[in-house]
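Me: I'd like to learn how to read a structure feature by feature. Could you walk me through this one?

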Amino acid sequence: MDTGKLGQLAQQGYLLLVALGIKILEALALWIVGRWLIGFSIKMIDRVMTKQKIDPTLIRYINNTLAAVLNIVLVIAILGFFGVETTSFAALIAAAGVAIGMAWSGLLSNFAAGVFIIILQPFKVGDFVVAGGVMGTVEEVGLFVTSINTLDNIRNIVGNAKIFGDVIQNFSTNPYRRVDLTAQLSHSVDPHQAIAILKEGLAKIPNVLSDPAPSVEILTFTLAGPVLAVRPCCNNKDYWQVYFAANTLIKDAFGQAGFAVPEQHYMVRTADAGIAAGKAPN
């Protein structure tokens with residue numbers, strides 16, 4: 001090989017290296033600018049969501065998800081800039097996303113429900129609720145599960161999809177809650193006297209609200225006598241204290257008033273007794 005050809009090849013190699021170097025510099029510039037734009041976009045979205053008072057946990061997950069997606073798009077764009085065929089690569093990523101979505105369908109449904117729970121806020125930490133068939137105090141609201149402590153102090157981890165797909169009862173939303181009790185009277189007791197005694201006693205129970213005032217009315221009748229509906233109101237945190245105190249009041253007040261113990265009375269008639277009663281004496 002003569003010197004002229006070697007020089008020509010060296011010149012071509014030099015030009016290729018220069019072109020490659022320029023490409024690398026351009027790709028590096030594209031990566032730097034792209035990363036800056038991604039960071040700027042994430043910050044702007046973060047500010048908007050913070051002003052809208054969206055839950056910080058949800059904001060963090062949204063930011064991380066957007067950052068991951070935008071970085072993948074940036075890498076594909078840089079590969080395309082170098083002339084790499086990215087169509088099959090993008091199709092592969094899409095297929096992988098579909099496969100992961102199908103495999104994690106239950107987890108993703110919990111995630112979607114968690115997002116709506118955080119945004120709509122049917123309950124918050126500290127509320128006493130019935131959610132997903134569990135009654136208790138909400139300890140933690142996550143994107144996938146919600147933790148609820150029941151009255152017997154057992155931690156229940158409930159999937160958000162189960163909670164969001166069922167009826168949610170929030171006992172802490174309204175300013176007060178009504179306690180529903182009944183008091184059985186004997187036929188010999190004057191119900192109006194019993195009502196007056198209970199109303200006076202309920203007003204003295206700690207944490208019973210005066211507005212609305214406790215209600216005591218005749219609810220129904222049984223074989224033993226009238227049944228009173230005893231309904232004081234209180235704050236949710238005082239519910240069980242008022243519940244037990246009102247039950248104690250019913251027992252003690254009726255005992256002190258000397259009310260008869262309710263009893264069911266039955267009259268039994270036999271066929272022979274009826275025939276004998278219908279015969280005239282000899």
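Reply: Gladly! Let's begin with a surface feature: helix H1 gives the most to the nonpolar patch, with four residues. Keep in mind that this is a predicted model.

Me: Which residues make the nonpolar surface patch, and what is its area?

Reply: The patch is made by Leu25, Leu28, Trp31, Ile32, Val75 and Leu79, and has an area of about 530 Å². Helix H1 (3-51) and helix H2 (56-81) each supply at least two of these residues.

Me: Let me take one residue as an example. Where is Leu25 found, and is Leu25 buried or exposed?

Reply: Leu25 is found in helix H1. Its relative accessibility is 57%, so Leu25 counts as exposed. The cut-off behind that word is over 50%.

Me: Now for the whole chain. How many helices and strands are there?

Reply: The secondary structure comes to eight helices and 10 strands. Of the 282 residues, 28% count as buried. The chain exposes about 18500 Å², and carbon and sulfur atoms supply 63% of that area.

Me: What do the contacts along the chain look like?

Reply: Take the contacts between residues at least 6 apart in sequence: 61% of them join residues at least 24 apart.

Me: How do I read a sheet?

Reply: Start with the general idea: strands of a sheet pair through backbone hydrogen bonds, either parallel or antiparallel. In this structure, one open sheet has three strands in the order S7-S9-S8, with antiparallel pairing.

Me: Which strands are at the edges of that sheet?

Reply: The edge strands are S7 (181-184) and S8, each of which pairs on one side only. From one strand to the next, the twist averages 30 degrees.

Me: How many bridges join S7 to S9?

Reply: Four bridges join S7 to S9 (residues 225-231), and these strands run antiparallel. To find this pairing in the model, look at Thr182, whose bridge partner in S9 is Ala229. Ala183, in turn, stands opposite Leu228 in S9.

Me: And how many bridges join S8 to S9?

Reply: Seven bridges join S8 to S9, again in the antiparallel sense. The two strands form a hairpin, with two residues between them. One pair to look for is Ser215, which stands opposite Arg231 in S9.

Me: Which helices pack on this sheet?

Reply: Helix H6 packs on the sheet and touches S7, S8 and S9. The direction of H6 makes about 140 degrees with that of S8. Helix H7 (residues 239-256) lies across S7 and S9, running at about 10 degrees to S7.

Me: How many of the seven residues of S9 are buried?

Reply: Six of the seven are buried, and S9 is mostly covered.

Me: Let me try another sheet. What is the strand order in the open sheet of five strands?

Reply: The order is S4-S3-S2-S1-S5, with antiparallel pairing. The edges are S4 (155-159) and S5 (169-170), each pairing on one side only. Inside the sheet, S1 and S2 (residues 134-141) pair in the antiparallel sense over four bridges. As a landmark, Val129 stands opposite Gly136 in S2.

Me: What should I look for in the backbone angles?

Reply: The general idea is that most residues other than glycine have a negative phi, and most peptide bonds are trans. Let's look at the exceptions here, beginning with Gln121. Its phi is positive, at about 50 degrees, although Gln121 is not a glycine.

Me: Where does Gln121 lie, and is Gln121 buried or exposed?

Reply: Gln121 lies in the loop between helix H4 (105-120) and strand S1 (128-131). With 54% relative accessibility, Gln121 counts as exposed.

Me: What is the phi of Asn207?

Reply: Phi of Asn207 is near 75 degrees, a positive value in a residue other than glycine. Asn207 is found in the loop between H6 and S8. Its relative accessibility is 39%, so Asn207 counts as partly exposed.

Me: Which residues does a cis peptide bond join?

Reply: The cis bond joins Asp211 and Pro212, with omega about 0 degrees. Pro212 has its place in the loop between helix H6 (191-202) and strand S8 (215-222). That brings us back to the three-stranded sheet, in which S8 is an edge strand.

How values were computed. Residues numbered from 1 in each chain as written. Predicted model: local features only at pLDDT ≥ 70, side-chain atom pairs only at ≥ 80, totals over all residues. Heavy atoms only, no water. Buried < 20%, exposed > 50% of the residue type's maximum accessible area, 1.4 Å probe, protein only. Pairing = 2+ DSSP bridges. Axes fitted to C-alpha atoms, helices over the stretch in contact; angles between N-to-C directions. Contact = heavy atoms within 4.5 Å. Patch = residues over 30% accessible without salt bridge, like charges linked within 9 Å, V, L, I, M, F, W, Y side chains within 5 Å. Areas by Shrake-Rupley, 256 points an atom, 1.4 Å probe, with all protein chains shown as cover. Salt bridge = Lys/Arg side-chain N within 4 Å of Asp/Glu carboxyl O.
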